[in-house]
Amino acid sequence: MDKVIGILAGSLRKASFSKKIAEAIIEFAPEGYEFKMVSLEDLPIYNQDFDDYNDVPQAIHLFRETMKGISGVIFVTPEYNRSVPGVLKNAIDVGSRPYNKSIWDKKPAAVFSNSPGHLSGFGANHHLRQSLVFLNMPTMQQPEVYLAQIKNDIDENGHLKEGDTKAFLKKAVAAYISWFEKNAV
Ligand SMILES: Cc1cc2nc3c(=O)[nH]c(=O)nc-3n(C[C@H](O)[C@H](O)[C@H](O)COP(=O)(O)O)c2cc1C
């Protein structure tokens with residue numbers, strides 16, 4: 001059976017660059033792997049009462065069930081105010097509870113950050129890594145994936161153009177698969 005890798009884009013925006021990168025990555029899944037885009041669209045903001053009072057919204061239940069079937073995660077994140085966008089941090093929080101039942105535990109991860117400007121989402125990339133350390137997700141260190149000026153890499157149909165960025169992403173995904181194979185338990 002194929003191993004399933006979740007691709008989580010940290011943006012809800014229709015024309016999101018992060019979603020376009022995520023879509024491009026799906027095509028790089030090697031044989032024996034399925035890359036599955038996991039939508040964060042319907043995920044409510046986490047409230048600890050959901051778990052404390054056994055009143056978990058269906059969308060959260062579904063997200064947790066989907067993530068249980070996933071063996072590794074590639075996070076594709078933009079940067080909001082020098083940190084992780086709330087939608088992605090919320091998904092991290094939702095998946096981390098109930099206590100001791102985190103769906104993230106031990107799943108090998110990679111962080112690909114991007115920005116339309118020159119900064120490449122460096123702050124978001126490293127703030128996200130801070131949570132992943134606590135969540136016990138072995139996270140690929142090299143290559144680091146910082147994609148600056150991503151808008152120049154998207155064509156008029158919304159697809160990632162052929163070129164250096166696409167070639168680099170393909171190598172980064174191959175490196176992640178090799179990281180996954182060494183670290184998956
Ligand atoms: C609330 C907000 C905060 C932002 N903060 C940053 C930032 O700190 N660094 C940055 O490079 N871009 C920042 N941006 C611009 C985003 O990089 C840009 O909107 C990007 O397209 C969002 O990613 P997406 O295309 O995947 O939706 C911010 C945008 C918003 C809406």
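This passage walks through the packing of the chain and the surroundings of its ligand. The model is predicted, so local features need pLDDT of at least 70 and side-chain atom pairs count only at pLDDT 80 or more, while totals for chains, interfaces and linings use all residues. Numbering runs from 1 along each chain as its sequence is written, and side-chain values use heavy atoms, with hydrogens and water left out.

Start with the packing. The largest nonpolar core (buried Ala, Val, Leu, Ile, Met, Phe, Trp, Tyr and Cys residues joined through side-chain atoms within 4.5 Å) has 27 residues, and Ile 25, Phe 35, Ile 74 and Phe 112 touch the most other members. At least two residues of this core come from each of S1 (3-9), H1 (17-26), S2 (33-37), S3 (72-77), S4 (109-114), S5 (145-147) and H6 (164-183). Here helices (H or I, at least four residues) and strands (E, at least two) are DSSP runs, numbered from the N terminus. The top contributor is H6, with six residues. Phe 35 is in contact (heavy atoms within 4.5 Å) with Ile 5, Ile 7, Ile 25, Ile 26, Phe 28, Ala 29, Pro 30, Ile 74, Val 173 and Ile 177, leaving aside neighbours within four places in sequence. There is also a second, separate core of 26 residues, with Phe 50, Met 67, Ile 70 and Met 137 among them.

Two helices are worth a look for burial (buried is under 20% relative accessible area, exposed over 50%, partly exposed in between, with a 1.4 Å probe and protein chains only). In H4 (residues 86-96), the buried set is Leu 88, Asn 90, Ala 91, Ile 92, Val 94, Gly 95 and Ser 96. Their cover includes S1, H3 (58-68), S3 and H5 (122-134). Over in H6 sits Thr 165, which counts as buried because its relative accessibility is 15%. Beyond residues up to four places away in sequence, Thr 165 touches Leu 147, Ile 150 and Asp 153.

Now the ligand. Residues around it (a heavy atom within 4 Å) are Ser 11, Arg 13, Ser 16, Phe 17, Ser 18, Pro 78, Glu 79, Tyr 80, Asn 81, Arg 82, Ser 115 and Pro 116. A side-chain N or O atom of Ser 11 is 2.7 Å from a ligand oxygen, and for Ser 16 a side-chain N or O atom is likewise 2.7 Å from an oxygen atom of the ligand. Glu 79 places a polar side-chain atom 2.8 Å from a ligand nitrogen. On its own the ligand has 620 Å² of accessible area (Shrake-Rupley method, 1.4 Å probe), and the protein covers 71% of that.

Notes: A polar contact is a pair of N or O atoms within 3.5 Å; within protein, one must be able to donate a hydrogen and the other to accept it, and residues adjacent in sequence count only if both atoms are side-chain atoms.
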